[in-house]
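Take a walk through this structure, from one residue outwards to the whole chain. Keep the sequence and the 3D view side by side.

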Amino acid sequence: MDEFDVVIIGAGPAGSSTAYRLAKEGFNVLFVERSNRPGSKNVFGGRIYSYPFPEIYPDFWKEAPIERYVTQENLVFMTESNSVTMKFDSSSSEGVSTQSFTALREKFDSWMAKKAEEAGALLITGTRVDDLYWENGKIAGIIAGPDTVRSNVVVAADGVVSDFAQKAGLRRELTAKEVSVAVKETIKLPKETIQDRFNLGKREGAAYSFVGSATGYLRGGGFLYTNKETISLGAVVNSEDLSLQKKEIFEIIENFKLHPFIQKLVRGGKVVEYSAHMIPELGVNTLPALFKDNFLAVGDAAAMVINHGYTYRGVDLAVVSGISAAEAIIQARQRGDYSHMGLSSYPDFLKKRGIMDDMNKFKNAPSFLQNARIFTAYPRMVCDFFDRMYTVDGKGKEKIFDIGKDEMFGKVSVLKMLRDMMSGLRSM
Ligand SMILES: Cc1cc2nc3c(=O)[nH]c(=O)nc-3n(C[C@H](O)[C@H](O)[C@H](O)COP(=O)(O)OP(=O)(O)OC[C@H]3O[C@@H](n4cnc5c(N)ncnc54)[C@H](O)[C@@H]3O)c2cc1C
C-alpha cells in the first residue's frame, strides 16, 4: 500500500493550488486526475479574476497561459429581434488590464498542475478515484481501481458533483433547483477578425453577459468571451426550469447562436469544441460543511462559487480555497493533529482572504436570481422601451415619459418592480 502525507482528488484549479502550496512546504503529495490531461474535460465560461495568482505564483504574468486581458465588459438585454447593450471600457495600459483575463481550461489547468509537479507533487492522470479508504471509522486514503493509497489527509477537489464530499458526509446531493446546466461552444476565428469585430487591441479581450431570449427567457444567462483565436460562447440555465419547460440545453444554445446579434459576432467561425457541465448555485446559506477528521473539500466540491448575474466567480475561489486548505493542513502538521480540531483553521484562512465575507455579502444573490421576472419581463421591457424611443414612423411620435410609463408600469406592477429593485440592490 502506497503512503502519502496528503492525497488530492482532482487536478482542477482547486486541486492543483492545494498540491502546489503543500509540495512547496515539503509535503509528500499525490494528486489524482481522471482525465489524461488536466483541464481537458473541464468546462467554464472563459474569464478568471487574477487577484490570487501573483502572490502564489511570483512569475504568473510571464508564465501563465493567458488568452486576452478583459478590457471591455458588455451587459446585453435581448429579445428575439432586439437587444440593448450596456458597454464598459476599462482603462488599460498597452492592452493589459490585470483585473481579469480569458483562458482556455486545458492550457490553464495543465499549467497549474505543472507548477505543482515542479514544486514536488506527484500527479497521476488518466486515473479515476473510486472511493475513500476508511480505517477505524476514519478516512485514511483513497481507492483507485486495484490500488489503495493511504494518507493523513484527503482533499476533495473533484468539482461540482463531488462524490467524495458526499461520501465523507459533508454534503447531500444537490437538488435540481441548486444546480444550473451549462453548454459552451469554442468557435475558431482568425485573431485579426476577433480584434476588428470586437474593436480590441492585440491583447485586449471582451466579456459579454446576456439576459432574456439568450436562454429562451429561462432563469440563467448567455456568455461570450474572446480568446486569442477563438470565442467562447455559451449559456447557463437553471436545471429546474429546463425540466419544467421540457427544454433541452442544446436547443437553447442553438437558438441563442441564431440571434442576429450573435450571428454577426461568430459569422465565419468554426466550432472546434462543444462541452456541457453543471454549476452549483448554493450560496453561503446552504454551504456544506467544509472539513472533518482527515478530510477537506475545496473549490466547487465545497460550493465555492459566487454568481452575481453580471459576474461569475469560480476559479478564483477554487484557488483561494485550495491555498487556504493547504495552510490549514500545514498548521495541522505543526500541531501533529489532522482531526477536525486540527484542521479547524481552514475557515479562518478563508475569512482572512475575504472569501467568507464575499460569500456572506452576496448570500442573497442566489435567491434574487430565482426571480423569473429578471429573465422575462425586464429584458423585454428594456428592449421595447428603446425600440419605441427610436421609432419614427409618421404615425405620431411618442413622448419618452409615456413610453416609460407604458413599458414600466404596464408590464409589471409598481409594487413588484420596487420590490425587485430593492432586493436586487441589496443582494448584488
Ligand atoms: C459553463 C461554466 C461557466 C463558468 N464560467 C466561469 C468563469 O467564467 N469564471 C470562473 O471563475 N468560473 C467559471 N465557472 C466555474 C468554474 O469552472 C469552477 O468554479 C472551477 O472550475 C472550480 O474548480 P475546481 O478545481 O473546484 O473544480 P473543477 O474545475 O471541476 O475540477 C475538478 C477536477 O476533478 C477531476 N475529477 C472529478 N472526479 C474525479 C475522480 N473521481 N477521480 C479523479 N479526478 C476526478 C475532474 O476531472 C476535474 O479535473 C464556470 C463553470 C461552468 C460550468
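A residue counts as buried if 20 or more other C-beta atoms lie within 10 Å of its own, and as exposed if 12 or fewer do. Apply that to Ser162 in this predicted model. Ser162 has 27 C-beta neighbours inside 10 Å, so it counts as buried. It sits in the loop between β10 (147–156) and α5 (163–167). Its backbone deserves a look too. Most residues other than glycine have a negative phi. Ser162 has a positive one, near 35 degrees.

Asn199 also has a positive phi without being a glycine, at about 60 degrees. Its place is the loop between α6 (191–198) and β12 (204–212). Is Asn199 buried or exposed? Only the count of neighbours can tell. Asn199 has 11 other C-beta atoms within 10 Å, and 12 or fewer means exposed, so Asn199 is exposed.

Now turn to a helix. Helix α8 covers residues 249–258, and Ile249, Ile252, Ile253 and Phe256 are buried in it. These four span an arc of only 90 degrees around the axis, which puts them on the same side of α8. A general rule about helices helps here. An α-helix has 3.6 residues a turn, so residues three or four places apart point the same way. The face of α8 turned away from the buried side carries exposed residues: Phe250, Glu251 and Leu258.

What do the buried residues of α8 pack against? Their partners include the strands β11, β13 (220–226), β14 and β15. The helices α7 (239–244) and α9 (260–266) are partners as well.

Leu242 lies in one of these partners, helix α7. With 22 other C-beta atoms within 10 Å, Leu242 is buried. Leaving aside residues up to four places away in sequence, Leu242 touches Val181, Leu218, Val237, Lys247 and Ile249. Ile249 is also one of the buried residues of α8. Another of those buried residues is Ile252. Leu242 and Ile252 are ten residues apart along the chain, and their C-alpha atoms are separated by 9.6 Å.

Next comes the ligand. A shell of 41 residues surrounds it, and the closest are Gly10, Gly12, Gly159, Gly299 and Gly314. By type, the shell divides into 19 nonpolar, twelve polar and ten charged residues. Several elements supply at least two shell residues each, among them the helices α1 (13–24) and α10 (315–335). Strands that do so include β3 (47–49), β11 (179–188), β14 (230–238), β15 (270–280) and β19 (312–313).

Where does the ligand lie with respect to the domains? Domain 1 (2–66 + 104–174 + 285–353) and domain 2 (177–280) both give residues to the shell, so the ligand lies between them. The protein also has a domain 3 (368–427). The centres of domain 1 and domain 3, taken over C-alpha atoms, are separated by 44 Å.

Finally, step back to the whole protein. It has 16 helices and 19 strands. Its radius of gyration is 23 Å, close to the 22 Å that the globule rule gives for 428 residues, so it is as compact as a globular protein of that length. The C-alpha trace spans about 85 × 45 × 35 Å along its principal axes. Of the 428 residues, 47% count as buried. Among contacts with a separation of 6 or more, 73% join residues 24 or more positions apart.

Note on methods. Residues are numbered from 1 along each chain as its sequence is written. This is a predicted model: local features need pLDDT of at least 70, side-chain atom pairs count only at pLDDT 80 or more; totals for chains, interfaces and linings use all residues. A residue is near a molecule or strand if its C-beta atom, placed from the backbone, lies within 6 Å of it. Ala, Val, Leu, Ile, Met, Phe, Trp, Tyr, Cys and Pro count as nonpolar, Asp, Glu, Lys and Arg as charged, and the others, Gly among them, as polar. Domain bounds come from an automatic or database domain assignment. The arc is that of the directions from the helix axis to the C-beta atoms. Two residues are in contact if their C-beta atoms, placed from the backbone, lie within 7 Å. The radius of gyration is taken over C-alpha atoms; the globule rule is 2.2 Å times the number of residues to the power 0.38.
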